[in-house]
Amino acid sequence: NYHKYLEVRCSRGCPFQCKFCVNASYQNLYRNKGRYYRVRSHENILDEIEQIVGRYKNIKSVIFDDELICVNKKWTLGLLEKYKKRFDYPFNITVRADLVTEDFMQALKDAGCNLVMMGVENGDETIRNEILNKGVSDEQIIRAAEIIKKIGIKLWTFNMVGVPYETSETIKKTIQLNKKIKPDVVFVSVFYPFPGTFLGDLCAEKGWISGRKVDGFFSNVTALDQPSITKEEVAFYHNIFPWAILYPRILFIIKILCKVKIGRKSVYDLFFPVVKTAYEFYYRFKITLNL
């Protein structure tokens, strides 16, 4: 494993109903067919880790790559108690802001957690909770970040731009909320209307789906043509997003590079994505490996 970390899935699914996520649609498929959200036994998880680290001697850290591992805190704490008795690898997990407590974060820290990933999604509470159905307030996000920092765990935030009914002002709110909570790593993607999701169906009904090709999560291209924001604005804010939060001193340079065109593309689009992506990967691995 070149990256020297092991990704482990302890559970399947997610019990929440975020309207941008495929999990809400999967829950509907499972209706009357048994439990959708399922967890593995502690022993099964730990035995898998032991088997893999025994085979690959260069493993330095573990990522619990679940949609959300901390739904049942009692189950999670039981796993961590057994984990720290068998392994000393630092690990990362995903949390929800409204599930973060000081006691729980301290237990994570004591077991070896060095980074948690948390969804902010959007800085506008109306969009976050009425459109995306995240069900988390600004106050909960800010408080969660304060606890995570106090305990001494690094914070990674997930964010989206170009969501339905997005405006340049709501994106600025997302940037400002991130600046307030001061994450160590910032991830931003452009919203994609997955077929079968609530918001995917909404975008189709509104006639907003453009047919433009989107290459992946790192792309700054929006699949939507919606009246509240242009595709150029979405691309611009996607480009400047991490710089505005982590490196505000050079933001004016980034903005200029985004505006200056060479042919159809900006200078930023031509040269900076490679540098930006390389640095993001470097920074992720640096934190993941606890360097």
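**Sheet, helices and cores of the chain**

Strand β5 (residues 91-95) pairs with β6 through five bridges, in the parallel sense. In this pairing Phe91 stands opposite Cys113 of β6. The model is a predicted one. Helix α4 (residues 102-111) lies across β5 and β6, and runs at about 140 degrees to β6.

Both strands belong to an open sheet of six strands. The order is β1-β4-β5-β6-β7-β8, with parallel pairing. β1 (5-8) and β8 stand at the edges. Each has a single partner strand, so one side of each lacks a neighbour in the sheet. Neighbouring strands are turned by 20 degrees against each other on average, direction ignored.

Helix α7 (residues 168-181) lies across β6, β7 and β8. It runs at about 175 degrees to β7. The 14 residues of α7 reach 20 Å from first C-alpha to last, close to the 20 Å expected at 1.5 Å a residue. The buried residues of α7 are Ser168, Thr170, Ile171, Thr174, Ile175, Leu177, Asn178 and Ile181. Their cover includes the strands β6 (113-121), β7 (154-161) and β8 (185-190). It also includes the helices α5 (125-131), α6 and α9 (231-246). After α7 comes Lys182, with a positive phi near 55 degrees.

The largest nonpolar core holds 45 residues. Ile49, Phe64, Tyr83, Phe91, Met105, Leu108 and Val116 touch the most other members. Helix α6 (residues 138-151) gives the most to this core, with seven residues. Apart from it lies another core, of 21 residues. Ile240, Ile245, Leu251 and Ile254 are among its members.

Phe91 thus appears in both the sheet pairing and the largest core. Leaving aside residues up to four places away in sequence, Phe91 touches Val62, Phe64, Leu80, Tyr83, Leu108, Ala111, Gly112, Cys113, Asn114 and Leu115.

Over the whole chain, the secondary structure comes to 11 helices and 10 strands. Buried residues make up 48% of the 291 residues. Of the contacts with a separation of 6 or more, 71% join residues 24 or more positions apart. The C-alpha trace spans about 55 × 45 × 35 Å along its principal axes. The radius of gyration is 20 Å. This agrees with a compact globule of 291 residues, for which a value near 19 Å would be expected.

Technical notes:
Residues numbered from 1 in each chain as written. Predicted model: local features only at pLDDT ≥ 70, side-chain atom pairs only at ≥ 80, totals over all residues. Heavy atoms only, no water. Core = buried A, V, L, I, M, F, W, Y, C linked by side-chain atoms within 4.5 Å. Buried < 20%, exposed > 50% of the residue type's maximum accessible area, 1.4 Å probe, protein only. Helix = DSSP H or I, 4+ residues; strand = E, 2+ residues; numbered from the N terminus. Contact = heavy atoms within 4.5 Å. Expected span 1.5 Å × (residues − 1). Pairing = 2+ DSSP bridges. Axes fitted to C-alpha atoms, helices over the stretch in contact; angles between N-to-C directions. Rg over C-alpha atoms; globule rule 2.2 N^0.38 Å.
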